Amino acid sequence: MVRVTRLDRVEQTTRFTEPPLTPRTAVIWSVLAAELDRRAGDQLTVLDVGGGTGGFAVPLAQAGHRVTVVDASPDALAALTRRAAEAGVADRVRAVQGDGDALAGLVEPAGVDLVLCHSVLEVVDDPAPVATALAAALRPAGAASVLVAGRAAAVLTRAMNGHLDVAATLAAAPDGSAGARDTLRRRFDADSATALLAAAGLTVEEIHGVRVLADLLPAAVADGQPAALVELERALAARSPYRDLAAQLHLFARRPA
Ligand SMILES: C[S@@+](CC[C@H](N)C(=O)[O-])C[C@H]1O[C@@H](n2cnc3c(N)ncnc32)[C@H](O)[C@@H]1O
């Protein structure tokens, strides 16, 4: 079982400096930065489930926090370890190979200040026990950053690409999946994702849409005006109806104190 411990040294004493922002990450970093600023001066213990190559883990470690990444892929973890070493934070990043479906047996309970679970709940066998394990890993008042695939965007993009049958299946299927050939086992809307986390004992505080526009624009526009796109994504992320049409939904939740 992974034991996630506090270090004595505290390095984030000033405002969190966001890493370079992209349309895929800007909204999430905005939300995380608010939490990190709220805890400025504390060295947080962070658990990133399905953290992959460390796109979030390494910047969090660079800000002084101690991050454990649990991921099923040895290749991703090898890349994470290299990236952490190159960034000079190898001592604050721990890579653990493991299946998110077995998270409850991998992580000691109530030892984490911030848990990340980005783009994982849509691929695991059963999201409910994973969500329960995320909540159990958190200390009271600890925060969860959860990113899930949005159903509405998938329906619209399939239809716009002419796959009306797939769009109809996605819209009607209880799990928001198009079946055996779909790369994802399920997709969410704000209500279903909120219900999943609430059933696990987490209180959802914020929901944002991630990639409201990014996947819809011609590459020439997205690549040609990256800063404007980031700003527009941030401006639309919390607003109805844009939020609910985003490719992904980001939920920021908290374990009750
Ligand atoms: C789409 S990537 C997302 C990586 C990272 N969370 C991010 O947002 O940049 C999904 C990651 O989840 C990992 N993964 C997929 N299924 C998993 C499972 N059942 N348990 C643990 N990790 C899993 C993959 O190896 C991959 O690194």
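What is the mean pLDDT of the chain, and what share of its residues reach 70 or more? The mean is 93, and 95% of the residues reach 70 or more; pLDDT is the predictor's confidence in each residue, from 0 to 100. Over residues 3–10, however, the pLDDT is below 50, and beyond near neighbours in sequence this stretch has 24 contacts in the model (contact means heavy atoms within 4.5 Å). Where pLDDT is low, the predicted coordinates should not be read in detail.

This is a predicted model, in which local features need pLDDT of at least 70, side-chain atom pairs count only at pLDDT 80 or more, and totals for chains, interfaces and linings use all residues. Residues are numbered from 1 along each chain as its sequence is written, and side-chain values use heavy atoms, with hydrogens and water left out.

Let us turn to the ligand. It is surrounded by 14 residues, the closest being Gly50, Asp71, Asp99, Gly100 and His118 (a residue is near a molecule or strand if one of its heavy atoms lies within 4 Å of it). The table lists polar contacts, meaning pairs of N or O atoms within 3.5 Å; within protein, one must be able to donate a hydrogen and the other to accept it, and residues adjacent in sequence count only if both atoms are side-chain atoms.

| Residue | Partner atom in the residue | Distance to a ligand nitrogen |
|---|---|---|
| Asp99 | side-chain N or O | 2.9 Å |
| Gly100 | polar backbone atom | 2.6 Å |
| His118 | backbone N or O | 3.0 Å |

On its own the ligand has 590 Å² of accessible area, and the protein covers 68% of that (Shrake-Rupley method with a 1.4 Å probe; for residues, only the protein chains shown count as cover).

Next comes helix 10 (residues 226–236), where Leu229, Val230, Glu233 and Leu236 are buried. Helices (H or I, at least four residues) and strands (E, at least two) are DSSP runs, numbered from the N terminus; buried means under 20% relative accessible area, exposed over 50%, partly exposed in between (1.4 Å probe, protein chains only). Seen down the axis, the buried residues of helix 10 fall within an arc of 140°, so they line one face of the helix; the arc is that of the directions from the helix axis to the C-beta atoms. Their cover includes helix 1 (26–38), strand 6 (203–210) and helix 9 (219–224).

Finally, look at the loop between helix 7 (164–172) and helix 8 (190–199), which holds Ser177. Ser177 is buried at 7% relative accessible area, and a polar atom of its side chain lies 3.1 Å from the backbone oxygen of Leu184.
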